[in-house]
Amino acid sequence: MRNIYYILFISLFLYSSSSLGDTIAQCAHEQLGKPYKYGGIGPYQFDSFGLIYYCMKLAGLPSWYDREMQAKQGKQITAAELVPGDTIYLYDKRYNLIGAFIYYGNGLYIYTYEKVISRKINFNPEFHYDYRRNCILVMLDGKNFSTLIK
């Protein structure tokens, strides 16, 4: 069984890390205009968490549709570190998770609101934002190693 983990760990380095983020961003861009549906995970209807789940899955990355699990996935980063494919999670004043975005680049974010849209966002200081760099969790000899994809 250990050999499987070693093969998985080695195979992660065969991908260009930025190409995975670009794949996520491009997947989200290709969904523009598709209708919003609460609980939608694609390919024809999405909510924001379903869009992230769908695009990460298409990029070959493990993900969860469960919004709380998804928002904890990856490494926390700053807004200045965002690159295409990173995710942003939106919390209200009481820290209830209420939304999610995929960063597309050049200040554009892709998310769902009646349909999948892309626009620049003026972040409201009344809300809390959590910026995430998605990663793959690998088990190697019984220890967790988080391997960044970017």
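**Reading a predicted fold, from a loop proline to a buried strand**

Tutor: P43 lies in the loop between α2 (17–30) and α3 (48–58), where helices and strands are DSSP runs numbered from the N terminus (H or I over at least four residues for a helix, E over at least two for a strand). This is a predicted model in which local features need pLDDT of at least 70 and side-chain atom pairs count only at pLDDT 80 or more, while totals for chains, interfaces and linings use all residues. Residues are numbered from 1 along each chain as its sequence is written, and side-chain values use heavy atoms, with hydrogens and water left out.

Student: What makes the peptide bond from G42 to P43 cis?

Tutor: The omega of that bond, from G42 to P43, is near 0 degrees, and it is therefore called cis. Most peptide bonds are trans, and most residues other than glycine have a negative phi.

Student: Why is N106 called exposed?

Tutor: N106 has 71% relative accessibility, and exposed means over 50% relative accessible area, buried under 20% and partly exposed in between, with a 1.4 Å probe and protein chains only; N106 therefore counts as exposed. N106 sits in the loop between β3 and β4 (108–113), and its phi is positive, near 55 degrees.

Student: How do you know whether E114 is buried or exposed?

Tutor: The relative accessible area of E114 is 64%, so E114 is exposed. E114 also has a positive phi, about 70 degrees, although it is not a glycine, and its place is the loop between β4 and β5 (115–120).

Student: Why is strand β2 described as largely enclosed by the rest of the structure?

Tutor: Five of the five residues of β2 (residues 87–91) are buried, so the strand is largely enclosed. T87, Y89 and Y91 point one way, I88 and L90 the other way, and all are buried. In a regular strand the side chains alternate between the two faces of the sheet.

Student: How do you know that β2 and β3 pair?

Tutor: Pairing requires that DSSP find at least two bridges between two strands, and β2 has five antiparallel bridges with β3 (residues 97–105), where G99 is the bridge partner of L90. On β6 (residues 128–133), β2 likewise pairs in the antiparallel sense over five bridges, with D130 the partner of Y89.

Student: What pLDDT does the chain average?

Tutor: The average is 79, and 77% of the residues score at least 70, pLDDT being the predictor's confidence in each residue, from 0 to 100. Over residues 1–16 the pLDDT is below 50. Where pLDDT is low, the predicted coordinates should not be read in detail.

How values were computed
Contact means heavy atoms within 4.5 Å.
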